[in-house]
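Grab a pencil and open the viewer. Try each exercise yourself before you peek at the solution.

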Amino acid sequence: MPDQATAAAAATPLTASPAPAGAAGQDIRHDWTRQEVEALFRLPFNDLLFRAHSVHRRYFDPNQVQVSTLLSIKTGACPEDCAYCPQSTRYDTGLEAEQLMEIEAVLQQARAAAESGATRFCMGAAWRSPKERDMPAVLAMVEGVKALGLETCMTLGMLSDSQAQALADAGLDYYNHNLDTSPEFYGDIITTRTYQDRLETLDHVRSAGMKICSGGIVGMGEQQSDRAGLILQLANLPQHPESVPINMLVRVEGTPLENEADLDPFEFIRTIAVARITMPASHVRLSAGREEMNEQMHALAYFAGANSIFYGEKLLTTPNPRANADMALFARLGIEPEGRQVCAPPADPDPRFYDAAGPG
Ligand code: SF4
């Protein structure tokens, strides 16, 4: 169901605005106001999509979508209480916890990924933050994957400035750390770390010279104003995240959000479009929740400005659409995986690892 803000969409000063014209770069801003972002969300759907797609075409080839994959290097038993997450030790979801993988096992997977045409390898661990005793292994993984000629990406929870620097020194290219939702709604979802903690980790990552992947989740019971609040936070960071994952909640049995109501699919598309308009040069990524989105929804998301997807059988612990279904839809829509020109995919890519250009 549309929330009240959408249902009440009334004429706003932006309603009749034409798509902003001009060269790429001129509309990258870091001073968005809440009023402006909320007004974008309230635009008539067609006006919003036209505007988002117009921006999209100035910064990206609209017929290219980046694809990437993610290996869980440590699964479950996380002490945090993120209400959507089956990896939290607080919820009985039947997920089998696994300890940090051995370095060689990770490198073996990375080798297979490289042989399968990958250009970037993403590794995720369910931690509050890495413990100092885990850092040597994690750094060795980064160095080892790097030595294979792959770009590297990790998501390990909160980082101190020294941990961020150590990861950067080891060659880590990208760090994923999501803001999840608006500061106002955040306390309904997570109590074990603060919004400020998250912003500080992003700051440490930037200061260490790494690229940022940061976004959030919609459909957690938040209002449209919270979706606007999330985008506002991301768009007003001193530098936009290179990658902005917009996830749709996957309701996992046993988590506090298992019975959350469906989000109006058009609200999801609106969120993609507003992310595209406010962060024109970032890759906006469809991540968790794609399993429940049909082809039409994917196509609409691509038109609205999404240009990155996770490709493969698993996205951490939630189902992901089958890789061949993605490729079949790309073919029907005339979309090419981004990066193909620099790294031709194999004829029969391993769906677990194929990463045409990575998470950017
Ligand atoms: S989202 Fe991350 S930090 Fe939160 S419970 Fe899951 S694994 Fe832990």
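Here are three exercises on this predicted model, each with a worked solution.

**Exercise 1.** What is the secondary structure of the chain, and what share of its residues counts as buried?

*Solution.* Start with the elements: you should end up with 12 helices and 13 strands. Next, turn to burial: the chain has 360 residues, and 49% of them count as buried. Finally, look at contacts with a separation of 6 or more: 82% of those in the chain come from residues 24 or more positions apart.

**Exercise 2.** Work out how helix 9 and helix 10 are arranged, and which residues make their contact.

*Solution.* First find the two helices: helix 9 covers residues 224-235, and helix 10 covers residues 265-278. Their axes lie 10 Å apart, at an angle of about 25°. Angles under 35 degrees count as roughly parallel, so that's the word for helix 9 and helix 10. As for handedness, their crossing is right-handed. Now list who touches whom: helix 9 brings Gln 224, Arg 227, Ile 231 and Ala 235, while helix 10 brings Glu 267, Thr 271, Val 274, Ala 275 and Thr 278. Sort this contact by class and you get four nonpolar, three polar and two charged residues.

**Exercise 3.** Which residues sit around the ligand, and how do they split by class?

*Solution.* Begin with the cysteines around the ligand: Cys 78, Cys 82 and Cys 85. Then add Glu 80, Gln 87, Ser 88, Ala 126 and Gly 157 to finish the list. Last step, sort the shell: four residues are nonpolar, three are polar and one is charged.

Terms used: Residues are numbered from 1 along each chain as its sequence is written. This is a predicted model: local features need pLDDT of at least 70, side-chain atom pairs count only at pLDDT 80 or more; totals for chains, interfaces and linings use all residues. Axes are lines fitted to C-alpha atoms, for helices over the stretch in contact, and angles run from 0 to 180 degrees between N-to-C directions. Helices (H or I, at least four residues) and strands (E, at least two) are DSSP runs, numbered from the N terminus. Angles under 35 degrees count as roughly parallel, over 145 as roughly antiparallel, 65 to 115 as roughly perpendicular and the rest as oblique. A crossing is left-handed if the near helix is turned anticlockwise from the far one by less than a right angle, and right-handed if clockwise. Two residues are in contact if their C-beta atoms, placed from the backbone, lie within 7 Å. Ala, Val, Leu, Ile, Met, Phe, Trp, Tyr, Cys and Pro count as nonpolar, Asp, Glu, Lys and Arg as charged, and the others, Gly among them, as polar. A residue is near a molecule or strand if its C-beta atom, placed from the backbone, lies within 6 Å of it. A residue is buried if 20 or more other C-beta atoms lie within 10 Å of its own, exposed if 12 or fewer, and partly exposed in between; C-beta atoms are placed from the backbone.
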